[in-house]
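Biologist: I am new to this structure. Please pick out the enclosed spaces for a close look, and show me what to check around them. Which terms do I need before we start?

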2 protein chains.
Amino acid sequence: MPSVISTPPLDFVFHPASIAIVGVADESAATNSGRNFLNVLLEAGYSGQIYPVNRNGGRVRGLKIFRSLEEVPGAVDFVISAIPAPTAPQLMTECVAKRVKLVHFFTAGFSELGDDSSRRLEAEVVEIARRGGVRMTGPNGMGIYCPESGLSFMSGFPKEKGPLAVLSQSGAFSAYTIREAVTRGLFISKAISYGNAADLNEADFLDYFADDPATGIVAAYIEGARAPGRLPATLKRAASVKPVVLLKGGTSLAGARSAASHTGSLAGSGAVWGAMIRQAGAIQVEDPEQLVDVALLSHCLSRSGRNVVFIGFGGGVGVNGADLCSGLGLTLPEVPTEIKKKLRTIWPLEAGSSLRNPVDVFGGANKKVIADTLNIVAAWPEADFLVVHIPLYIAPASSAQLAGVYVQALVDLADQLRDRTVVVLGSVFSEASNRIVLDAQTSLVSAGLAVFSSAPRAIKALAKVVAYRLQHKGLASSDLSHL
Amino acid sequence: MPSVISTPPLDFVFHPASIAIVGVADESAATNSGRNFLNVLLEAGYSGQIYPVNRNGGRVRGLKIFRSLEEVPGAVDFVISAIPAPTAPQLMTECVAKRVKLVHFFTAGFSELGDDSSRRLEAEVVEIARRGGVRMTGPNGMGIYCPESGLSFMSGFPKEKGPLAVLSQSGAFSAYTIREAVTRGLFISKAISYGNAADLNEADFLDYFADDPATGIVAAYIEGARAPGRLPATLKRAASVKPVVLLKGGTSLAGARSAASHTGSLAGSGAVWGAMIRQAGAIQVEDPEQLVDVALLSHCLSRSGRNVVFIGFGGGVGVNGADLCSGLGLTLPEVPTEIKKKLRTIWPLEAGSSLRNPVDVFGGANKKVIADTLNIVAAWPEADFLVVHIPLYIAPASSAQLAGVYVQALVDLADQLRDRTVVVLGSVFSEASNRIVLDAQTSLVSAGLAVFSSAPRAIKALAKVVAYRLQHKGLASSDLSHL
């Protein structure tokens with residue numbers, strides 16, 4: 001969080017007092033995108049005025065449908081457009097007349113089509129908006145989600161707010177990022193699926209999120225820079241005040257070709273982007289899963305250092321965990337004699353257990369034994385991070401027993417462990433396992449712990465966060481440059 | 001499958017006519033490992049003679065407990081030992097007298113402890129076995145799973161058999177590999193969790209699996225070579241007749257230290273192992289998830305080539321998919337005009353859809369539209385592989401609708417698509433999503449299709465299989481050497 005609380009210039013984007021949705025079918029027609037936006041806003045509990053608009057009039061969800069923006073009696077802060085692209089200039093002209101502050105074009109069919117006339121159409125809409133003092137998001141984006149003000153663009157997004165800002169040039173990725181993050185306990189301050197970025201662009205939103213006191217972490221998916229001149233400095237400023245995790249789309253030729261037809265973006269060179277992101281001190285990730293994984297660990301963990309203690313049940317898990325950690329610049333220090341001695345009081349030299357690091361603690365333990373083990377390891381000052389792996393793919397009854405014992409111990413110790421612990425629920429996606437894993441995940445997430453379903457994913461994300469913190473502490477990170 | 005059907009020399013390991021379990025507590029005592037093995041064998045439907053043994057006698061599960069091996073009336077092919085390590089030499093002496101063919105020591109507490117006396121104890125047991133003509137697996141391993149003969153070491157493993165042989169120095173990894181593989185439709189021929197490999201070792205089993213007509217693919221987790229002289233040639237021979245997917249444990253210093261205390265293995269140099277695996281033509285993987293992913297694709301896909309068509313719903317997914325493919329040596333060829341023309345009859349130039357590659361097919365489609373799209377793409381001769389991504393993280397109702405439409409189309413076309421198609425169910429692990437994803441997974445797996453829950457995992461596994469096939473076809477694979 002920045003120390004200076006300001007009212008950032010784009011705050012109006014996320015806090016409109018009234019919304020008109022243009023292109024809402026009435027209840028006699030099949031559902032359409034406009035009605036979908038209306039349903040979602042009502043579900044999200046938006047408390048300002050909502051005005052459905054359609055030139056045919058009618059009623060929907062108990063609301064009058066106005067025939068035009070002009071007909072709307074009050075002021076309109078925000079217009080969501082779900083009408084066909086060719087009618088966009090006309091709508092923007094009406095928005096100027098109505099003194100609308102922001103128009104979001106869900107509407108696609110602009111520059112992403114790649115032909116001159118579509119590009120001209122987009123430019124024309126922007127031109128009308130700029131001359132008339134109206135700002136615009138999209139086109140070809142899903143829109144805005146802001147639980148604080150009851151804005152949403154998709155059914156099922158939670159009303160609870162949190163510290164993660166999501167900035168995404170892809171609608172599906174914004175949905176994935178939001179759902180995956182909230183499922184794992186990381187809630188959202190603001191999210192914007194911004195599509196072609198014809199007017200408001202990645203730099204505008206990064207600037208805003210940098211200053212936004214409600215935002216602690218930024219997760220971004222960007223295909224192309226609409227403000228290439230401003231982006232490096234903006235990214236650097238944002239990354240200097242909070243973690244910015246960035247997935248660049250279109251780093252390959254095939255990806256760039258695809259980005260062009262997705263959001264009309266000029267993807268640019270993957271190498272140049274990589275250098276810019278590194279120089280800015282942001283964290284580049286490879287896929288949307290890693291985007292959420294790294295954002296989650298940036299949120300949950302507050303420790304620094306590169307020492308990891310891997311606590312597992314099952315030797316192979318620890319061996320592979322150690323290999324993965326070592327390959328990514330993380331260190332597994334040997335457990336010192338005095339810690340080993342303490343562990344030995346709990347785990348007498350028992351076949352199948354190893355008290356080195358990885359610490360392989362054999363089964364049959366009760367909650368107290370696991371809690372004591374975690375306490376002893378956590379009290380070791382060199383244990384910067386703990387990765388605790390619980391294998392829930394062994395026999396169903398044993399998995400349930402193991403989950404119960406470990407989860408209870410972890411939840412009880414959550415206050416001590418939260419800032420340094422990554423929990424992995426090793427699992428298989430099956431009817432028999434899902435209930436056990438879901439219950440364990442729910443308990444651990446409620447306790448504020450970072451939970452993963454995959455050790456490789458957990459370790460890769462941890463390595464990214466560790467490298468980021470070393471870089472920002474000014475420590476030697478040259479040997480982590482491959483991250 | 002090899003063309004010559006032989007009776008391999010280790011067949012007796014997997015097809016014992018009678019089993020004695022030594023160290024079975026009777027029903028008056030708390031359950032123990034021995035009784036667990038008994039329960040599991042009964043659950044697995046082992047049809048040979050089972051003899052529980054414990055010097056205290058008694059009864060368990062309706063069976064008499066014999067006080068010693070000698071007391072057992074009939075011949076004993078296979079002994080499972082769940083007794084403490086110090087009594088192992090005595091047991092082995094009794095096994096020699098009883099002319100037992102194989103002893104599996106679940107018992108831990110041997111060379112993995114790292115001290116001289118434990119190493120001597122292990123050597124002593126092997127010495128007695130060798131002199132007496134008894135073979136041994138373990139110690140410190142879970143044992144054998146062979147659905148064909150009703151052998152198992154863990155509750156819940158299925159009775160259905162399949163083509164995957166699992167060879168694992170880790171018990172937990174063997175459980176993970178088996179459960180993950182069968183959940184995704186790849187069933188098991190034989191699996192062995194072989195622990196310290198004091199007698200029968202990785203080379204013995206690789207030799208056996210190479211010749212085993214019931215085994216089509218081998219997945220192996222190996223920490224150290226007990227037969228370092230034989231292993232390179234054995235691995236090469238096995239990999240020349242069927243895909244061998246290998247996870248090496250202990251490629252790092254910390255991993256090697258951990259392997260030593262896990263199975264008493266000398267892990268050796270990771271680089272040397274990497275070179276050996278490459279020269280043998282086996283497929284090296286990085287983690288247990290990839291072990292199953294690559295085995296699964298080796299099983300499901302029979303095509304070669306490096307051309308991928310990525311079919312998705314949502315542009316970002318395709319952009320990132322293309323980037324991931326390109327980074328791993330896979331090619332996304334542009335869709336040629338004649339195929340595009342055919343697709344255009346289904347997908348008129350519609351905002352939000354792209355008919356290049358990635359093919360981004362927008363929502364709202366019915367089953368026929370998806371089926372026609374898949375048919376047209378599959379008929380393109382240059383489409384070596386199809387990756388079909390279904391995002392089940394959008395609004396719940398839309399996800400359910402999308403799953404229904406795509407899954408039905410894929411299942412209907414499974415006969416044409418099975419040999420080249422990878423289906424990704426993009427998902428979030430939550431109560432709301434799990435039912436939709438599980439139902440989709442079940443239908444697709446039943447139709448014999450390869451299913452993943454993660455696009456990055458799917459693409460990484462596909463790249464490994466593609467590289468392997470190019471190498472084995474003698475085609476240029478130098479640019480795939482990073483795989």
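Modeller: Start with one term. A residue counts as exposed when its relative accessible area is over 50%, as buried when that value is under 20%, and as partly exposed in between. Keep in mind that this is a predicted model.

Try the term on B:R131. Its relative accessible area is 64%, so B:R131 is exposed. B:R131 belongs to helix α4 of chain B, which covers residues 116-132. Now look at B:V96, which is 35 residues away from B:R131 along the chain. The C-alpha atoms of these two are 8.7 Å apart.

Now to the enclosed spaces. Searching the whole structure for cavities of 30 Å³ or more turns up 10. The largest holds about 820 Å³ of space. It is lined by 46 residues. Closest to its centre are A:S427, A:S453, A:S454, B:S453 and B:R457. Both chains are named in that list. By class, the lining has 22 nonpolar residues, 16 polar ones and eight charged ones.

Next comes the second largest cavity. Its volume is about 240 Å³, and 17 residues line it. Nearest its centre are A:P456, A:R457, A:K460, B:R457 and B:K460. B:R457 is thus a residue to find twice: it is among the closest to the centre of the largest cavity, and also among the nearest to the centre of the second largest.

Which helices build the wall of the second largest cavity? Two from each chain supply at least two lining residues apiece: α10 (288-300) and α17 (455-472) of chain A, and α10 (288-300) and α17 (455-472) of chain B. Count the classes here too. Of this lining, 11 residues are charged, four are polar and two are nonpolar.

Step back to the contact between the chains. Chain A brings 71 residues to it, and chain B brings 72. An interface is often sized by the accessible area lost when its parts come together. Chain A and chain B bury about 5,400 Å² between them. Carbon and sulfur atoms account for 61% of that area. On the chain A side, look for A:R257, A:Y393 and A:F429. These three lose the most area to chain B, together 14% of what that side buries.

What about the cysteines? The count of disulfides over all chains is zero. A disulfide needs two cysteine sulfur atoms within 2.5 Å. For A:C300, the closest cysteine sulfur is in A:C325, at 18 Å, which is too far for a bond. A:C300 has a relative accessible area of 12% and is therefore buried. Chain B gives a further example. The sulfur of B:C325 has its closest cysteine sulfur in B:C300, 18 Å away, and that is too far for a bond. B:C325 is buried because its relative accessibility is 0%.

Now the backbone. Most residues other than glycine have a negative phi, and most peptide bonds are trans. Some sites here depart from that pattern. In chain A, the bond joining A:G138 and A:P139 is cis, with omega about 0°. A:P139 sits in the loop between β7 (135-137) and β8 (143-145) of chain A. Another cis bond runs from A:N357 to A:P358, with omega near 5°. A:P358 lies in the loop between α12 (337-346) and β15 (359-360) of chain A.

In chain B, check phi. B:N140 is not a glycine, yet its phi is positive, about 70°. Find B:N140 in the loop from β7 (135-137) to β8 (143-145) of chain B. It is buried, since its relative accessibility is 17%. B:R61 is also not a glycine and has a positive phi, about 45°. B:R61 is in the loop between β3 (59-60) and β4 (63-64) of chain B. At a relative accessible area of 44%, it counts as partly exposed.

Finish with an arginine in chain A. A:R420 occupies the loop between α15 (414-417) and β17 (421-426). Is A:R420 buried or exposed? Its relative accessibility is 10%, so it is buried. Leaving out residues up to four places away in sequence, A:R420 touches A:L301, A:R303, A:A378, A:A383, A:D384, A:F385 and A:L386. By contrast, take A:T442. A:R420 and A:T442 are 22 residues apart in sequence, and their C-alpha atoms are 19 Å apart in space.

Key
Residues numbered from 1 in each chain as written. Chains lettered and ligands numbered in written order. Predicted model: local features only at pLDDT ≥ 70, side-chain atom pairs only at ≥ 80, totals over all residues. Heavy atoms only, no water. 1 Å grid on protein atoms, 1.4 Å probe; cavity = no way out; pocket = protein on both sides within 12 Å on 5 of 7 lines; lining within 4 Å. Points joined across faces, edges and corners; volume = space filled by probe spheres on them. Nonpolar A, V, L, I, M, F, W, Y, C, P; charged D, E, K, R; others polar. Helix = DSSP H or I, 4+ residues; strand = E, 2+ residues; numbered from the N terminus. Buried < 20%, exposed > 50% of the residue type's maximum accessible area, 1.4 Å probe, protein only. Contact = heavy atoms within 4.5 Å. Buried area = accessible area lost by both parts, 1.4 Å probe.
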